[in-house]
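Me: I'd like to learn how to read a few packing features in a model. Could you take me through them one at a time?

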Amino acid sequence: MASPGLPESVRRYLEYHTAEGSGVRQYITRKVLEMLDYSKCVKSQELTDRLDIRRHYSRMLEEGVIVLVLRGKGRESCVMVAEDLERHFRGYLPRALEDFLERFSEGNRTKVREVLERVARGERISWDDVKSLGDSALVYALQRAREAGLLWYVEVGGRRGRRGYFLVNPLLYAQ
């Protein structure tokens, strides 16, 4: 039996793809528990350096059990559990995002607010979706919000193709 406290998707994956009591199951369980602590950042390298774990990492990405999350500036990503991230959709903007919106001119603020509220409700809006709206101020605003750590960008999928979407930083709701 997989460790209690693991999200159901991870538990099912481990029970189906790994042997009970194996070192592989123990290592993945330990890393997943680290992923659930948002103050830490589990790097994909921690899961790809070990050959016995690498194929599980790829399969878990492909199956959507885990995702890559871009947090803050740059392209550095953390591996996180998809099911755990989804429980944070609140449907409203946290105070930090409300404060962020105050910095935009009235015309831009309405469209930025609309998109941010859709993200907060759990709508999967990608960079391509935002760019297709043809509003450079909106693209700029979302880029600044991501760089400030207010939004995270989640990448789902593996080698067969990745899709991405914005997510309100779940830690902001605790503030």
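**Reading the packing**

Reply: Let's start with one residue: Tyr153 has 7% relative accessibility, so Tyr153 counts as buried (buried is under 20% relative accessible area, exposed over 50%, partly exposed in between, with a 1.4 Å probe and protein chains only). Keep in mind that this is a predicted model, where local features need pLDDT of at least 70 and side-chain atom pairs count only at pLDDT 80 or more, while totals for chains, interfaces and linings use all residues. Residues are numbered from 1 along each chain as its sequence is written, and side-chain values use heavy atoms, with hydrogens and water left out.

Me: How many aromatic pairs are there?

Reply: Rings of Phe, Tyr and Trp (its six-membered ring) pair if their centres lie within 6.5 Å; planes under 30 degrees apart are stacked, over 60 edge-to-face, and the rest tilted. That rule gives 5 aromatic pairs here. Take Trp127 and Phe166: their ring centres are 4.9 Å apart and the planes sit at 70°, so this pair is edge-to-face. Trp127 is in helix H8 (residues 127-132) and Phe166 in strand E4 (residues 163-168), so to speak distant parts of the chain, 39 residues apart, linked by the pair. Helices (H or I, at least four residues) and strands (E, at least two) are DSSP runs, numbered from the N terminus.

Me: Which residue does Tyr153 pair with?

Reply: Tyr153 pairs edge-to-face with Phe166, at 4.9 Å centre to centre and 75° between the planes. Since Tyr153 lies in strand E3 (residues 151-156) and Phe166 in strand E4, the pair ties together parts 13 residues apart in sequence. Phe166, at 1% relative accessibility, counts as buried too. Put together, Trp127, Tyr153 and Phe166 make one aromatic cluster.

Me: And what about helices: at what angle do H1 and H2 pack?

Reply: Two packed helices are described by the angle between their axes and the distance between the axes. Axes are lines fitted to C-alpha atoms, for helices over the stretch in contact, and angles run from 0 to 180 degrees between N-to-C directions. H1 (residues 8-17) and H2 (residues 23-35) pack at about 170°, with axes 11 Å apart. H1 and H2 are therefore roughly antiparallel (under 35 degrees is roughly parallel, over 145 roughly antiparallel, 65 to 115 roughly perpendicular, the rest oblique).

Me: Which residues in H1 and H2 meet?

Reply: Val10, Leu14 and Glu15 in H1 touch Arg25, Ile28, Thr29 and Val32 in H2, contact being heavy atoms within 4.5 Å.
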